Structure formats: structure tokens, C-alpha cells
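Biologist: I would like to go through some labels attached to this model and hear the reasoning behind each.
Modeller: Then ask, and I will set each value against its cut-off.

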Amino acid sequence: MSFDEEKAFPMTAADFGIIRELAYQHTGIVLPERKRHMVYSRLSRRLRLLRLANFEEYCLKLQNDPLELAPFINALTTNLTSFFRERHHFNFLETELAPYWQQRKQRRLRVWSAACSSGEEPYSIAMTLAEHFPAASGWDLKILATDLDTNVLARAEAGVYPQAGLEAIPKRLHHYLQGAAEEFSISCQIKKLLFFKQLNLLEPWPMQGPFDAIFCRNVLIYFDQNTKQKIVAGFRKLLADDGVLFIGHSESLTNISREFETVAQTTYRLRHQNSILPRQFDASGRKESY
């Protein structure tokens with residue numbers, strides 16, 4: 001039995017080709033043939049909702065109805081996340097960057113979570129930094145949280161999560177949470193540090209920076225080489241001279257940019273700078289013995 005015969009909504013090679021082209025055009029995401037089943041699964045919900053008979057009809061709607069592009073993008077965007085995911089980044093943020101930043105005379109910190117999904121990442125950043133940079137001590141800490149998917153952004157702004165997510169948050173930070181029987185919420189003290197905004201990384205960025213840290217984790221893997229290079233070049237322009245870029249566990253800047261060097265696991269800084277970070281740490285992020 002063929003792929004189409006197995007499914008309630010026939011999807012021809014031509015239909016998948018149109019979807020691939022629109023996805024790349026509007027998001028930069030590359031959809032190889034092996035992603036066809038995933039695409040079917042995610043978009044078939046739209047066909048049911050719109051009461052369409054097949055993907056040919058849906059492709060026509062995409063081409064003729066600009067309002068369908070947002071649900072289309074939201075359906076295809078991957079939003080796997082959790083609190084303190086890839087914990088080594090938060091350990092580095094707290095034990096190495098926080099003491100370094102605290103030496104500053106200017107008490108201004110800006111962090112960008114460039115693919116914030118439903119908010120777990122930027123809230124994890126905020127809880128980590130709020131412990132060390134309280135407003136009461138004159139610190140101006142702000143975190144920009146952006147994502148392509150408007151649905152997950154709405155959930156992020158609400159800041160309400162299932163109780164199961166509590167296990168990933170260190171207990172010493174639980175005072176930033178408000179609990180309930182089946183869910184918990186992020187406190188206003190943390191929420192006020194964040195600004196959420198819908199942003200397509202392929203379109204012009206309105207921010208001027210500079211950012212002291214940029215988190216763009218498990219996003220670059222979905223783009224082709226040219227798009228990766230453009231995005232990382234954009235990060236370089238917005239990153240402070242001693243800023244740090246965090247990327248995902250399966251990602252690397254090798255063959256993407258020569259302007260960055262590794263200071264810890266999937267953690268980068270601008271190559272030409274002479275801050276304490278390269279001298280104090282080897283490429284694995286461990287303190288050097290000398």
C-alpha cells in the first residue's frame with residue numbers, strides 16, 4: 001500500500017513539493033523527503049479543521065489565503081522544550097558568567113532567547129540570573145524572548161505549566177513559582193523581566209542590541225548552510241564584544257562562522273576578544289590548572 005493510500009488525506013509528490021517550498025520561503029526550514037510523514041501528521045489537523053478533502057486543496061488555500069500562513073507555520077514548527085534543558089548552559093551562566101558580569105560598573109544586562117517556544121528557556125534564564133542581579137541592587141536585567149510560533153508565545157506569556165515540569169527546576173528556585181494541584185505558574189517577579197515578541201529569524205530584526213548572551217538552541221539544525229551563516233552573522237552584529245552565544249547540543253559553528261571560538265560545551269564567544277573567558281577555560285568549559 002502506498003503512502004497516499006494509507007492516509008485519510010491524499011498527499012502527492014507535487015503537494016509535498018509545494019509545502020516544502022512554502023516552508024523554506026517563509027521560515028527557512030528545510031523539509032527533506034524523510035520528513036514527509038511528520039508533515040502529514042502535523043498538517044492533517046488543519047485539513048480536518050478546514051474540512052478539506054486532500055492536500056491539493058490545502059496547497060491551493062495556502063497559495064491564495066495569506067491568513068493560512070500563520071497556522072501553517074505554527075503546525076510545522078518544532079516546540080520540544082523543558083525547564084533547564086541542557087543544564088550545562090545554565091551552570092555556565094550562573095557559575096562563570098554571573099561572577100564575570102558582576103564586576104561591571106554599568107549594571108545593565110540584556111539576554112535574548114531567540115527560539116523561546118512555550119517559555120521554559122527564558123524563564124529558566126530569568127530565574128537563574130534573578131538570584132544574582134536583583135533590581136533592588138540597581139541591576140537592569142531584561143530578557144527578550146522571541147519565537148516564530150504565535151501559539152506557543154501565547155502559552156509562554158501566560159506562564160502556566162503542568163506540575164510535571166516542576167521536577168526540572170532546582171528547589172532553591174521554587175520561591176519564584178506559584179503552585180497549584182495540577183499546575184504551577186511563574187511569579188510576577190520573574191515575568192516582569194521578560195518581553196515576548198513574535199519574530200521570524202529570516203526577516204529583518206528590529207532589535208539593536210547589544211546582548212550579553214544569546215540563546216539559539218536546537219534551531220540551526222533545521223536550516224541549510226547559507227541560512228545558518230546569515231543567522232549567525234546577525235547574532236554576531238547584536239552580541240556585545242564580550243557576549244556569549246549558546247547553541248544546541250547537536251549543533252556547531254564549524255564551517256558556519258570563523259568569528260566565534262568555543263569557551264565551553266556548545267558555548268561560544270567572539271574570537272578577537274580578550275576577556276577572562278578564553279584564558280580561564282579550556283574548550284570543554286573546565287577550569288585550567290594554571
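Biologist: What makes the contact between aspartate 242 and arginine 104 a salt bridge?
Modeller: In this predicted model, the side chains of aspartate 242 and arginine 104 meet at 3.8 Å, N to O. The cut-off is within 4 Å, so the pair counts as a salt bridge.

Biologist: How do you know that the pair links distant parts of the chain?
Modeller: Aspartate 242 is in strand β8 (residues 239–247), while arginine 104 is in the loop between α6 and β1. The two are 138 residues apart. Arg104 and Asp242 also belong to a network of salt bridges with Asp212.

Biologist: Why is arginine 104 called partly exposed?
Modeller: Arginine 104 has a relative accessible area of 21%. Buried means under 20% and exposed over 50%, so arginine 104 falls in between.

Biologist: What makes arginine 217 and glutamate 121 a salt bridge?
Modeller: Their side chains meet at 2.8 Å, N to O, and the limit is 4 Å. Arginine 217 lies in the loop between β7 and α10, and glutamate 121 in helix α7, 96 residues apart.

Biologist: Are arginine 217 and glutamate 121 buried or exposed?
Modeller: Arginine 217 has a relative accessible area of 9%, and glutamate 121 has 6%. Buried means under 20%, so arginine 217 is buried and glutamate 121 is buried.

Biologist: How do you know which label fits aspartate 140 and lysine 142?
Modeller: The side chains of aspartate 140 and lysine 142 meet in a salt bridge of 3.3 Å, N to O. Relative accessibility is 29% for aspartate 140 and 37% for lysine 142. Partly exposed lies between 20% and 50%, so that label applies to aspartate 140 and to lysine 142.

Biologist: How many salt bridges does the structure hold?
Modeller: The structure holds 11 salt bridges.

Biologist: Turning to the helices, why are α6 and α7 called oblique to each other?
Modeller: The axes of α6 (residues 87–101) and α7 (residues 120–130) come within 10 Å and cross at roughly 45°. Roughly parallel needs an angle under 35 degrees, and roughly perpendicular runs from 65 to 115. The angle fits neither, so α6 and α7 are oblique. Their crossing is right-handed.

Biologist: Which residues make the contact?
Modeller: From α6 come Phe90, Leu93, Glu94 and Trp101, and from α7 come Glu121, Ser124, Ile125, Thr128 and Leu129. These residues divide into 5 nonpolar, 2 polar and 2 charged.

Conventions
Residues are numbered from 1 along each chain as its sequence is written. This is a predicted model: local features need pLDDT of at least 70, side-chain atom pairs count only at pLDDT 80 or more; totals for chains, interfaces and linings use all residues. Side-chain values use heavy atoms; hydrogens and water are left out. Axes are lines fitted to C-alpha atoms, for helices over the stretch in contact, and angles run from 0 to 180 degrees between N-to-C directions. Helices (H or I, at least four residues) and strands (E, at least two) are DSSP runs, numbered from the N terminus. Angles under 35 degrees count as roughly parallel, over 145 as roughly antiparallel, 65 to 115 as roughly perpendicular and the rest as oblique. A crossing is left-handed if the near helix is turned anticlockwise from the far one by less than a right angle, and right-handed if clockwise. Contact means heavy atoms within 4.5 Å. Ala, Val, Leu, Ile, Met, Phe, Trp, Tyr, Cys and Pro count as nonpolar, Asp, Glu, Lys and Arg as charged, and the others, Gly among them, as polar. Buried means under 20% relative accessible area, exposed over 50%, partly exposed in between (1.4 Å probe, protein chains only).
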